[in-house]
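Let's take a walk through this structure together, starting with the overall picture and then stopping at a few places worth a closer look. Keep the 3D view open as you read.

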Amino acid sequence: MTHLLYYDDAYVQEFDATLVAVEADHVALDRTAFYPGGGGQPNDMGWLEVGGRRLAVTKVKKEGDAIWHWLEMDGALPVLAVGAAVHGVLDWERRYKLMRTHTAMHILCGVVWRDYGAQVTGGAMDPGEGRMDFEFASLSRELIQEIEARCNVEIAAAHPLRTQMLPRAEAFQIPDLIRTKINLLPEGIQEVRTVEIVGLDLQADGGTHVANTQEVGAIKIMDYKSKGVINKRIYISLI
């Protein structure tokens, strides 16, 4: 089992760990700060320092209880042996931008749910930008400007963020915990992680976030499109 340092502290940028499994060009560690991706948030990138070499981490994926790190092998393969000590370094600029972006997406979702009662039907993000689909019958430029303004008010309000792990049965007693049209939590998950923007939003979520909404900075709604009769897509960007 890999210990998930990004849940202990999303601001960990470097860490020491031990190799616990090796498979060709990817390895599992006993602990990691690399987020493996999920919930629309891409996996982290960065470097592992092992055997006197610094190897780029190009992909991270969770499989069972292990987090696997794919390494860019340029030239001779270093000796990767179970039990070897490694030092991990995140591409922090990329990760922090993803944390800000993911938090911005939750603010958008929270505002749209609170003020318009629209559920989420999809979403995705890259560092600094993202898109969310909502159950809107129609959108207008005026409504988009109103949503953008309300999101930026909440960002400036400096809401703290809190996370918590809850037993599945307890988590599902929380009203409106799942904001997606379809419940995407697999039946086998017995603990549910919640992310709360205090005073605005509470959702089930497995990603990484900033500690306070002010860190997001501000957002701009760049575009919106109709993706169906009651499905509208909103594109946002950090500014």
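A word before we set off: what you see is a predicted model. The chain is built from 4 helices and 15 strands. Its radius of gyration is 19 Å, close to the 18 Å that the globule rule gives for 239 residues, so the chain is as compact as a globular protein of that length. If you draw a box around the C-alpha atoms along the principal axes, its sides come to roughly 60 × 40 × 35 Å.

How much of the chain is buried? Of the 239 residues, 45% are. The accessible surface comes to about 11,200 Å², and carbon and sulfur atoms account for 51% of that area. You can also ask how far along the sequence the contacts reach: among those between residues at least 6 apart, 66% join residues at least 24 apart.

Now find strand β2, which covers residues 14-23. Strand β2 pairs with two strands that we can visit in turn. One is β8 (residues 85-90), which lies antiparallel to β2 and is joined to it by 5 bridges. To see one of the partnerships, look at Ala17, whose bridge partner in β8 is Val86. The other is β3 (residues 26-29), also antiparallel to β2, with 4 bridges between them. Here Glu23 has His26 as its bridge partner. Strands β2 and β3 form a hairpin with 2 residues between them, and Ala24 in the turn has a positive phi of about 55 degrees.

Next, move to helix α2, which spans residues 92-116. From its first C-alpha to its last, this helix of 25 residues reaches 35 Å, close to the 36 Å expected at 1.5 Å a residue. Most of α2 is covered, with 18 of its 25 residues buried. Just after the helix comes Gly117, which takes a positive phi of about 65 degrees.

Helix α2 also leads us to the interior. The largest nonpolar core has 55 residues, and those with the most contacts inside it are Leu108, Phe134, Ile147 and Ile234. The element that gives the most to this core is α2, with 10 residues. Try clicking on Ile234: leaving out residues up to four places away in sequence, Ile234 touches, among others, Leu108, Phe134 and Ile147. Its list of contacts also includes Gly130, Arg131, Met132, Asp223 and Tyr224.

Is Asp133 buried or exposed? This residue belongs to strand β10 (residues 129-134). Because its relative accessibility is 4%, and buried means under 20%, Asp133 counts as buried. Beyond its neighbours within four places in sequence, Asp133 is in contact with Gln119, Val120, Thr121 and Gly122, and also with Asn231, Lys232 and Arg233.

Our last stop is Leu177, in the loop between α4 (168-171) and β12 (191-197). Although Leu177 sits in a loop, it is buried, with a relative accessible area of 3%. Setting aside neighbours within four places in sequence, its contacts are Ala171, Val192, Thr194, Leu202, Gln203 and Ala204. Where does Val195 lie relative to Leu177? The two are 18 residues apart in sequence, and their C-alpha atoms are 9.7 Å apart in space.

Methods:
Residues numbered from 1 in each chain as written. Predicted model: local features only at pLDDT ≥ 70, side-chain atom pairs only at ≥ 80, totals over all residues. Heavy atoms only, no water. Pairing = 2+ DSSP bridges. Expected span 1.5 Å × (residues − 1). Buried < 20%, exposed > 50% of the residue type's maximum accessible area, 1.4 Å probe, protein only. Rg over C-alpha atoms; globule rule 2.2 N^0.38 Å. Contact = heavy atoms within 4.5 Å. Areas by Shrake-Rupley, 256 points an atom, 1.4 Å probe, with all protein chains shown as cover. Core = buried A, V, L, I, M, F, W, Y, C linked by side-chain atoms within 4.5 Å.
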